[in-house]
Amino acid sequence: EFEDFEGGPPAGKMGDADRLPMANVSRIIAQTLPKDASVSKEARVALSACATVFVHYITELAVQQCDKRKKATIAPEDVIEALKEAEFEDFEGSLKASLDAFQNASKAAKTAKASSAKRQKLDESVNDDAADAGEAEGASQQASQDPETAAQGASSSGVAKEEDKDEGAEEAAGAGEEEEGAAADAPADF
């Protein structure tokens, strides 16, 4: 009867991709059965196939509810109405409890994520302020140690390095000339 509805899997054609994951089915079975009970692999596959057919069936009924409301998105109310139509109204209470738990968990996760983002933004702001303060303190210390360098400013540090190189080259050239002059003044020892 379940396979006759529109959108369901064709009879005998359900592949592994159409079934619920076996790990999920096994976990549900383990939670439901007593600890000493065991279920064969074939029974797990059959339960997975049954659960998949049930999901297809309820989904189709929920789509029909959406069509009645002239909406394109299935809402929780549509699923509840689909369960009632399929005469599974006993599941309504546990479905609503699960839905409430899911919504509360989603809100908590969203709030935690927002808090984390705010905290991260605040930390970045504090770190940026500390870095700015550290740069200003470093410049202040440099000014107290070397007033001439502080007057040039941090932005001209590249120019100052070029000038230092030029001065060093001039000093080296001057030293070379002094050595030549000193050599000329000295008596020859040959």
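Here are a few exercises on this predicted model, each with a worked solution.

**Exercise 1. Work out how many helices and strands the protein has, and what pattern they follow along the sequence.**

Start with the count: there are six helices and zero strands. Then read along the sequence, and the pattern comes out as α-α-α-α-α-α.

**Exercise 2. Find the helix that holds Gln65, and decide whether Gln65 is buried or exposed.**

Step one is to place the residue: Gln65 sits in helix H2, which covers residues 41–69. Step two is to look at its relative accessible area, which is 11%. Buried means under 20%, so Gln65 counts as buried.

Now for its neighbours. Leaving out residues up to four places away in sequence, Gln65 touches Asp78, Glu81, Ala82 and Glu85.

**Exercise 3. Do the job again for Lys96: which helix is it in, and how exposed is it?**

Lys96 belongs to helix H4, residues 92–145. Its relative accessible area is 40%. That value falls between the 20% and 50% cut-offs, so Lys96 is partly exposed.

One more step: pick out Ile80, 16 residues from Lys96 along the chain. The C-alpha atoms of these two residues are 8.4 Å apart.

**Exercise 4. Zoom out: what share of the protein is buried, and what supplies its exposed surface?**

Begin with the residues: the protein has 190, and 13% of them count as buried. Next comes the surface, where about 14,800 Å² is exposed and carbon and sulfur atoms supply 54% of that. Finish with the contacts: among those with a separation of 6 or more, 42% link residues 24 or more positions apart.

Conventions:
Residues are numbered from 1 along each chain as its sequence is written. This is a predicted model: local features need pLDDT of at least 70, side-chain atom pairs count only at pLDDT 80 or more; totals for chains, interfaces and linings use all residues. Side-chain values use heavy atoms; hydrogens and water are left out. Helices (H or I, at least four residues) and strands (E, at least two) are DSSP runs, numbered from the N terminus. Buried means under 20% relative accessible area, exposed over 50%, partly exposed in between (1.4 Å probe, protein chains only). Contact means heavy atoms within 4.5 Å. Accessible areas come from the Shrake-Rupley method with a 1.4 Å probe; for residues, only the protein chains shown count as cover.
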